[in-house]
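I opened this entry to record what I looked up in the structure. The notes follow the order in which I consulted it.

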Amino acid sequence: MGDTPISSDLIRGHIDTIVLGLLSTEDRYGYDICKQVALLSDNEYELKEPTLYSAARRLEGQGLIRSYWGGESQGGRRKYYAITPDGTQTYQQNLADWKRARRLIDRLVSGEAEKE
Amino acid sequence: MEAIRYYVQGAFQGVKMTPEVLEQQEELIADLTAKVDDLVAQGKSKDEALGVAIASLGDLSTLVSEFESADETPEAVPTATVYATRLDLHVILISIGIGAAVMIASTILGAWARLIHPGAGFSLLAVLAVGIWWVSEAYSAYRESPDAVETRDLVYKARFRKALLVWMGVAFGSALINVVAQTDFWCWPIWVAGGTWALTVKVEERLSRRAEFQAPSSPASED
């Protein structure tokens, strides 16, 4: 674990993929998504609700996720998000792109060719 | 929780209360309430939990600014960033496909009703040539730059109305020439071609909303 918190700049460009990834396993509501991000990052990164809502509106506009209202809870109805088939496809593509970029960046920042 | 409701409604002050805004507020209230409940379950007092939950939201102004202000402001033209050449090629292929189907059906119907005379063949050939040229131009543009990105105004009603007026004008004009010149009934392929052009507006309206034609938007801004 690093000594300093992860810069949000490093993660900013991947929020859509992170949200799609979390929705690829099950439908989730906003706070649940934020909690999962904190959990998966060992509290090193916090996805704030306003950022999540902006991303969700964008993804829904692109047809990659859809939303529906769940049952009443203490604070009112919860809005759930579900991934669409287009979203699943985009997620797989983004994931593959990320893996390729990660390998490349690893090589570039270490200044060494990948060892076979 | 009334305090959460007050906080959220206060944050959205000055925003036009559309159903979309009300839904966003409802979502935020439900999520904040769940967060406060979690913090209380972890041993915090209700007031403390409320303070922590609200503070953890950070700045709401970016989210709020995504909604229309209640002030009287001129309506902005909606736009979309699309893969232009890919979209145009699909629009033209689909429209010409539908136009061709109508053309074939009209030909069969016209032949059966004995309304089509040899003169129609010339205009049909001319329309066919224009169609081929149209597709080849769109395909060349696509081959040249398949990922060309363009921001387009999503204003289709006015464009469709204009296209329909042009279509009606062309149809009326060609029919008039037919009648005045007492020539063969050659104008029907022109009618169909004009209709196909108007159809492209409707096809583009539908396709431009689809994810595969939308170019990635600018990265999300955190905090």
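**Chain B: order of elements**

Reading along the sequence of chain B, I noted the pattern α-α-α-α-β-α-α-β-α-α. I recorded eight helices and two strands for chain B. I am working from a predicted model.

I then looked up burial in chain B. Of its 223 residues, 22% are buried. I also checked how far apart in sequence the contacting residues of chain B lie. Taking contacts between residues at least 6 apart in sequence, I found that 83% join residues at least 24 apart.

**Where chain A meets chain B**

I next turned to the contacts between the chains. On chain A, 26 residues are in contact with 26 residues of chain B. I listed the elements of chain A that give two or more residues to the side touching chain B: helix 1 (8–12), helix 3 (30–40), helix 4 (49–61) and strand 3 (76–83). Helix 4 of chain A gives the most to this side, with seven residues. Sorting this side of chain A by class, I entered 11 polar, eight charged and seven nonpolar residues.

**A:Glu46**

Last, I looked up a single residue, A:Glu46. I located A:Glu46 in the loop between helix 3 and helix 4 of chain A. Is A:Glu46 buried or exposed? I entered A:Glu46 as partly exposed, because it has 18 C-beta neighbours inside 10 Å, whereas a buried residue needs 20 or more. I also noted its separation from A:Lys35: the two residues are 11 apart in sequence, and their C-alpha atoms are 8.5 Å apart in space.

Conventions: Residues numbered from 1 in each chain as written. Chains lettered and ligands numbered in written order. Predicted model: local features only at pLDDT ≥ 70, side-chain atom pairs only at ≥ 80, totals over all residues. Helix = DSSP H or I, 4+ residues; strand = E, 2+ residues; numbered from the N terminus. Buried ≥ 20, exposed ≤ 12 C-beta atoms within 10 Å, placed from the backbone. Contact = placed C-beta atoms within 7 Å. Nonpolar A, V, L, I, M, F, W, Y, C, P; charged D, E, K, R; others polar.
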